[in-house]
Structure formats: C-alpha cells, structure tokens
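Reader: I'd like a close look at one loop near the start of the chain, please. Take it slowly, and then work outwards into whatever surrounds it.

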Amino acid sequence: WRAGYGTRLRKYPDHGNVAKVDQLANVIEELRAHPLSRQAVMSIWDPTEDWQPSKDIPCNNWLSWSSRLGKLDLHVAIRSNDAMWGWSGINAFEWSALLEIVAGMLGLGVGSLHFSTTSFHLYERHWPKAQRIVDGSSGGILEGALYSDSPRFDPSGVSDVEALDELVQK
C-alpha cells in the first residue's frame, strides 16, 4: 500500500530522510489563523513516487478546503474513480468523514463536498452488481444506507490532531 492516503496526509513525504509534513495539522492551523484562506490544500500525488510503474497509484490527488459563512467545504480532485469500488466503496465515506471531523475541530458546520473526477468508470467485473442495484434487487444494499441516520463526529475535547490521534487509538 505504497500510495495510502493516511501516510501522505499525515507524514508527507514518507520516503528518504526528508522532514515529514502533517498536512492535516497544517490545514487546521491555517484555517484557524485565516478562516477565509485559499491556501488550505493537501497534496496526495507525490511525483517522486507516482511516476513509477505500479498498480498502487493514488486515485485521489489533492484536497482543497474552504471556510465560508460558518461552514467548511471540501473539494477533492480525483484522476481515476471506479464507481463500485473506489467511489461507493470508500471515497464518498472517507472524505465526508474527514470533512465532518475537520469542521468539528474548527467549530464550523459541515458544508459541501465537491468531487472533480477526470475518469469515472465501472469495471466489467462489477457490471452484474451494478445491474442488480439499477434493477432494485440489490438485496438491501441501499435501503439502510440511504434512510438511516449515520453517527456524527463529536468534537468535544478534540481541538488538535494530537487529541484526534488519541481518540482514534481508543
């Protein structure tokens, strides 16, 4: 898992003897100091690693945060996104959860989550499952997800990334 997002967001870059950058901490610090900043950006693409041949190249390439009118928005740039596995399997959840966490830590409301995807596709191996979803015979895949409340992040006592790390470790 060379291209894992967590390492790139919290310890970037993670190779050689280069100083690591905690991009999550930097974004929170930037938005606290300058709530209207247009510089709260996190890079996932690493040109020193990602131009090498591999099947483990990050699909999500950068995150851009903006605080407006008391809400935090997140913009995600994606070079390649599989509808079944990448999008519905993890991306929609991971970035919405991170948006909720960061907004909570900043004392802001959760704003909009925007995706810009260069290639949105469905692999042939997922066609039968996609057809079952379209036909409405998904066997309950969507019913619970669409019509139930999801747990919300409680920012109480989580004001910085160290406190977030402690909470995640519990």
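Author: Let's start with Pro13, which sits in the loop between helix H1 (5-10) and helix H2 (23-33). Keep in mind that this is a predicted model. The thing to look at is the peptide bond running from Tyr12 to Pro13: it is cis, with omega near -20 degrees. Most peptide bonds are trans, which makes this one worth a second glance.

Now step along to the helices on either side of that loop. Both H1 and H2 are among the elements that give two or more residues to the largest nonpolar core. That core has 28 residues, and Leu24 is one of those with the most contacts inside it, along with Leu63, Trp65, Leu72, Trp95, Leu98 and Val102. If you set aside its neighbours within four places in sequence, Leu24 touches Leu9, Arg10, Met42, Leu98, Val102, Val161 and Leu164. The core also takes two or more residues from each of E2, E3, H4 and helix H7 (161-169), and H4 is the top contributor, with eight residues.

There's another backbone oddity further on. Leu69, in the loop between strand E2 (60-68) and E3, has a phi near 55 degrees, a positive value in a residue that isn't glycine. Most residues other than glycine have a negative phi. Leu69 counts as exposed because its relative accessibility is 89%.

Then the rings. The model has three aromatic pairs. In one of them, Trp45 and Trp51 have ring centres 5.6 Å apart and planes at 80 degrees, so they meet edge-to-face. Trp45 is partly exposed at 24% relative accessibility, while Trp51 is exposed at 68%. Trp87 and Phe115 are edge-to-face too, because their planes sit at 85 degrees, with centres 4.7 Å apart. Trp87 is in helix H4 (residues 83-106) and Phe115 in strand E5 (residues 109-117), so this pair ties together parts 28 residues apart in sequence. Both rings belong to partly exposed residues: Trp87 has 29% relative accessibility and Phe115 has 28%.

How far to trust it? The chain averages a pLDDT of 88, with 90% of the residues scoring at least 70. Strand E3 (residues 71-78) has the highest confidence, at 98, and helix H6 (residues 143-146) the lowest, at a mean of 52. Where pLDDT is low, the predicted coordinates shouldn't be read in detail.

Notes
Residues are numbered from 1 along each chain as its sequence is written. This is a predicted model: local features need pLDDT of at least 70, side-chain atom pairs count only at pLDDT 80 or more; totals for chains, interfaces and linings use all residues. Side-chain values use heavy atoms; hydrogens and water are left out. Rings of Phe, Tyr and Trp (its six-membered ring) pair if their centres lie within 6.5 Å; planes under 30 degrees apart count as stacked, over 60 as edge-to-face and the rest as tilted. Buried means under 20% relative accessible area, exposed over 50%, partly exposed in between (1.4 Å probe, protein chains only). Helices (H or I, at least four residues) and strands (E, at least two) are DSSP runs, numbered from the N terminus. pLDDT is the predictor's confidence in each residue, from 0 to 100. A nonpolar core is a set of buried Ala, Val, Leu, Ile, Met, Phe, Trp, Tyr and Cys residues joined through side-chain atoms within 4.5 Å. Contact means heavy atoms within 4.5 Å.
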